[in-house]
Structure formats: C-alpha cells, structure tokens
Amino acid sequence: KGKAPIVATQKFVEALVAGDANTVYDMCIFPDNIKTALSAQTGGDDAKLKTLVVQGLQGMFGTMKFKDPKIGESTADGETASVKVTITVESMGTPKEATDTITLKQVNGVWKINADKNFFSGAGGGGGSGGGSGGSGG
C-alpha cells in the first residue's frame, strides 16, 4: 500500500524527464486557487485549463531539461502522501541539482500529484504561478 505513491511519483518524474506535458498534466490535481487564477483565461473549462497548462509545460520543457531523478524517503498518511525527489534541472545549459518534496493525494483510488506549487523552482525554474523577479544570486 505504501508503494503506490512512490510508483506515481516515479511515473511523474519520468514524464518530466521525457518532456511529456500531457502525462504531467494528467497526473496532477490542481488546487482551486490555481484554477481560479487561470479562470479568466479558461472560463472554468477543464479542457481549456489542460490546453493552457500543457502549453505552459511545453514552453518550460523548451528551456529546461530534467535528468537523473532520484526518489528519496516517503511518508503516507491515509489519502495523502509525500515523496522526496532529487532531480537535475538543466536550464540555459547549466545543470543544477534540486530537491523537493512532492505531495500526493488519493483521488478515487488513484494517487495524483498535488500541483500546489512550482516543483524544483529552486533550480531557476520558470515563473508559472506568480512569476517573480529572478533576484540577484550571491
């Protein structure tokens, strides 16, 4: 039982590595605040939401490559779980290792990635929700 969230996370990161935007989208659940933020463009239509998110992901995959995912420790508690993932993110030709904890939620018996934040954004990931200025490295 404790293995299912790990299997789902593995599939999610493999889709990131493959640059497979449709699979990434299909494996995620999007919290209401993200749906609301995008509703001006989608009118609350899930098909439009998918198009928008997939286009955004494809844009991201155009500038970033994901490599060498490593699945770390995981905890599961009922219908929620978290799995630690370390992945190499190559942006502008510079590889950087990033570690993030991915949270999952069981929906109708299927483990989904809780897309409530930008994963691996510490590695110079794209703005996406909220954007923000790059900040001066130190």
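Leaving out neighbours up to four places away in sequence, Lys35 makes contact with Phe30, Asp46 and Leu49. That's a handy way into this predicted model, since Lys35 also helps line the second largest pocket. The chain has 138 residues, and buried ones make up 32% of them. Below is a quick tour: the pocket, the overall layout, the core, and then a handful of residues to click on.

**Lys35 and the second largest pocket**

- Lys35 sits in helix H3, which covers residues 32–42.
- With a relative accessible area of 33%, Lys35 is partly exposed.
- From Lys35 to Asp46 it's 11 residues along the sequence, and their C-alpha atoms are 8.9 Å apart in space.
- The second largest pocket holds about 160 Å³ of space.
- Its lining is made up of Tyr25, Asp26, Cys28, Ile29, Phe30, Lys35, Asp46, Leu49 and Lys112, so Lys35 shares the wall with Phe30, Asp46 and Leu49, the residues it touches.
- At least two lining residues come from each of helix H2 (21–26), strand E1 (28–29) and helix H4 (46–63).
- Sorted by class, the lining of this pocket splits into 5 nonpolar and 4 charged residues, with no polar ones.**Overall layout**

- The protein chain contains 4 helices and 5 strands.
- Going along the sequence, the order reads α-α-β-α-α-β-β-β-β.
- Take the contacts between residues at least 6 apart in sequence: 48% of them join residues at least 24 apart.
- The accessible surface adds up to about 7900 Å², and carbon and sulfur atoms account for 51% of that.

**The largest nonpolar core**

- This core counts 32 residues, and the ones with the most contacts inside it are Phe12, Phe66, Ile102, Leu104, Ile113 and Phe120.
- Helix H1 (4–18), H2, H4, strand E2 (64–77), strand E3 (80–91), strand E4 (94–107) and strand E5 (110–114) each put in at least two residues.
- Phe66 touches Leu16, Val17, Met60, Phe61, Ile87, Thr88, Val89 and Phe120, with residues up to four places away in sequence left out.

**Two residues of helix H1**

- Thr9 belongs to helix H1, and its relative accessible area is 0%, which makes it buried.
- Setting aside residues up to four places away in sequence, Thr9 touches Ile71, Val83, Val85, Ile102, Leu104 and Ile113. Among these, Ile102, Leu104 and Ile113 also turn up in the list of residues with the most contacts inside the core.
- Lys11 is in helix H1 too, but at 49% relative accessibility it counts as partly exposed.
- Beyond residues up to four places away in sequence, Lys11 touches Thr23 and Met27.
- Lys11 and Thr23 are 12 residues apart in sequence, with 8.8 Å between their C-alpha atoms.

**Ala115, after the last numbered strand in the core list**

- Ala115 is found in the segment after E5.
- A relative accessible area of 9% puts Ala115 in the buried class.
- Contacts of Ala115, not counting residues up to four places away in sequence, are Cys28, Ile29, Phe30, Pro31 and Ile34.
- Ala115 and Ile29 are 86 residues apart along the chain, yet their C-alpha atoms are separated by 5.8 Å.
- Cys28, Ile29 and Phe30, which Ala115 touches, are also among the residues lining the second largest pocket.

**Gly59 in helix H4**

- Gly59 is found in helix H4 and is partly exposed, at 42% relative accessibility.
- There are 9.6 Å between the C-alpha atoms of Gly59 and Ala21, a pair 38 residues apart along the chain.

**Positive phi outside glycine**

- Asp68 isn't a glycine, but its phi is positive, at about 50°. This residue lies in strand E2.
- Met92 also has a positive phi without being a glycine, with a value near 55°.
- Met92 has its place in the loop between E3 and E4, where it is exposed, with a relative accessible area of 75%.

Technical notes
Residues are numbered from 1 along each chain as its sequence is written. This is a predicted model: local features need pLDDT of at least 70, side-chain atom pairs count only at pLDDT 80 or more; totals for chains, interfaces and linings use all residues. Side-chain values use heavy atoms; hydrogens and water are left out. On a 1 Å grid over the protein atoms alone, a cavity is a set of points where a 1.4 Å probe fits but cannot get out, and a pocket is an open set with protein on both sides within 12 Å along at least five of seven lines; lining residues have an atom within 4 Å of a point. Grid points are joined across faces, edges and corners, and a volume is the space filled by probe spheres set on the points. Ala, Val, Leu, Ile, Met, Phe, Trp, Tyr, Cys and Pro count as nonpolar, Asp, Glu, Lys and Arg as charged, and the others, Gly among them, as polar. A nonpolar core is a set of buried Ala, Val, Leu, Ile, Met, Phe, Trp, Tyr and Cys residues joined through side-chain atoms within 4.5 Å. Buried means under 20% relative accessible area, exposed over 50%, partly exposed in between (1.4 Å probe, protein chains only). Contact means heavy atoms within 4.5 Å. Accessible areas come from the Shrake-Rupley method with a 1.4 Å probe; for residues, only the protein chains shown count as cover.
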